[in-house]
Amino acid sequence: MARYTREHKEETRRRILEAAARAYREEGVQGVGIGDLMQSIGLTHGGFYAHFPSKDALVAETCETVRSEIASRFFAEAEEVGGAEGLRRVIRGYVSRKHRDEPGIGCLMPALAADVSRAAPEVRVSFTGALRRMLTQVGRLLSASRRPPPESLEDEAIALVSGMVGAVLLARAVDDPELSDRILAASRRFYLDAFAPEAGEEPAG
C-alpha cells in the first residue's frame, strides 16, 4: 500500500479547509455534510478522518482560516493607508453589494453567526477569537483616525463591527432587491458619517 508523503497530506488538508470555508459561507454549517464536502474535491467520506477528528474540529479551524483571508481582503490595504481613509475603505468594502453577493469569499461573521450560536464550544471559541481579532483591527483604524482617540474606543469598534455584520446579514436575507440595496446604502452612509467622516467634518453624534 502506498504511503502518502507529509506534503501530500498537508495539501489534502488545505484543500479540505478551502472547500469548507467556501461551502460554509455559501450554505451554512448545517447545510454542508462531510460526504458532500469531500466529494466536491474528489475524496471519500472516510478519508476526512485522517485529517480532522470531527466536523466541529473542521468548523473551528475553518473560522481561523477564513479570519486570515478576511484580514488580507478587507484590512491589509486599509491598514497600509491608515487613518480615516483606511477605515472608510473597510466600511465601503464590507458594506457593499459585492460582499453581499459573494458570500463564498466574504466574511464568516454574517455567514456563520447563527449556526455558530448553536455549535460546539470549540467552534464558538474559534469564532469568538476571530471576532476579537477583527475588533482589534477596526480599533487600530479608529484610533489612527481620531485625535485624540475616544476613551470608548473598544465599544466603538464593537458597535461598528456589529453594525456592518448586521447590515450584510439583513441585505442577504430579504427577498426585495431594492430594500437590500437600501439597507447597504443607508448603513454604509451612517457608519461613514459616524466613524470616518471626511476631513473637516465632525463625527455624527
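How many residues does helix α1 have, and how far does the helix reach from its first C-alpha to its last? The legends below take up that question and then move on through this predicted model.

**Figure 1. The whole chain, in 9 helices and 0 strands.** Let's start with the full view before zooming in. Along the sequence, the pattern of the protein chain reads α-α-α-α-α-α-α-α-α. Along the principal axes, its C-alpha atoms fill a box of roughly 70 × 40 × 25 Å. The chain has 205 residues, and 44% of them are buried. Of the contacts with a separation of 6 or more, 67% join residues 24 or more positions apart. The exposed surface comes to about 11300 Å², with carbon and sulfur atoms supplying 51% of it. As for charge, there are 28 positive and 31 negative side chains, and the centres of these two sets lie 3 Å apart.

**Figure 2. A close-up of helix α1, residues 6–27.** Here is the reply to the opening question: α1 has 22 residues and reaches 31 Å from first C-alpha to last, close to the 32 Å expected at 1.5 Å a residue. Its buried residues include Thr 12, Ile 16, Leu 17, Tyr 24 and Arg 25, and several alanines are buried too, among them Ala 19, Ala 20, Ala 21 and Ala 23. The buried residues of α1 pack against three helices: α2 (34–40), α3 (55–81) and α6 (108–116). Look just after the end of α1 for Gly 28, which takes a positive phi of about 85°.

**Figure 3. The largest nonpolar core, with 58 residues.** The members that touch the most others are Tyr 24, Leu 37, Leu 58, Tyr 94 and Met 109. At least two residues of this core come from each of α1, α2, α3, α4 (83–94), α6, α7 (121–145), α8 (153–173) and α9 (177–195). Helix α3 gives the largest share, 9 residues. As a general background, nonpolar side chains tend to be buried together in soluble globular proteins. To follow one member through the core, try Leu 37: leaving out residues up to four places away in sequence, Leu 37 touches Ile 16, Ala 19, Ala 20, Ala 23, Tyr 24, Val 32 and Leu 58.

**Figure 4. Leu 108 in helix α6.** Is Leu 108 buried or exposed? Leu 108 counts as buried because its relative accessibility is 2%, below the 20% cut-off. Apart from neighbours within four places in sequence, Leu 108 is in contact with Arg 25, Cys 63, Val 66, Arg 67, Ala 113 and Phe 127. For a sense of distance, pick out Gln 30 as well: Leu 108 and Gln 30 are 78 residues apart along the chain, and their C-alpha atoms are separated by 14 Å.

**Figure 5. Ser 96 in the loop between α4 and α5 (97–101).** This view turns from a helix to a loop. Ser 96 has a relative accessibility of 11%, so Ser 96 counts as buried. When residues up to four places away in sequence are set aside, Ser 96 touches Leu 184 and Arg 188.

**Figure 6. Ala 144 in helix α7.** Our last stop is partly exposed: the relative accessible area of Ala 144 is 35%. That value falls between the 20% and 50% cut-offs. Glu 79 makes a handy landmark here. Ala 144 and Glu 79 are separated by 65 residues in sequence, and by 9.6 Å in space from C-alpha to C-alpha.

Methods
Residues numbered from 1 in each chain as written. Predicted model: local features only at pLDDT ≥ 70, side-chain atom pairs only at ≥ 80, totals over all residues. Heavy atoms only, no water. Helix = DSSP H or I, 4+ residues; strand = E, 2+ residues; numbered from the N terminus. Buried < 20%, exposed > 50% of the residue type's maximum accessible area, 1.4 Å probe, protein only. Contact = heavy atoms within 4.5 Å. Areas by Shrake-Rupley, 256 points an atom, 1.4 Å probe, with all protein chains shown as cover. Lys, Arg positive; Asp, Glu negative; His and termini not counted. Charge placed at Lys NZ, Arg CZ, Asp CG, Glu CD. Expected span 1.5 Å × (residues − 1). Core = buried A, V, L, I, M, F, W, Y, C linked by side-chain atoms within 4.5 Å.
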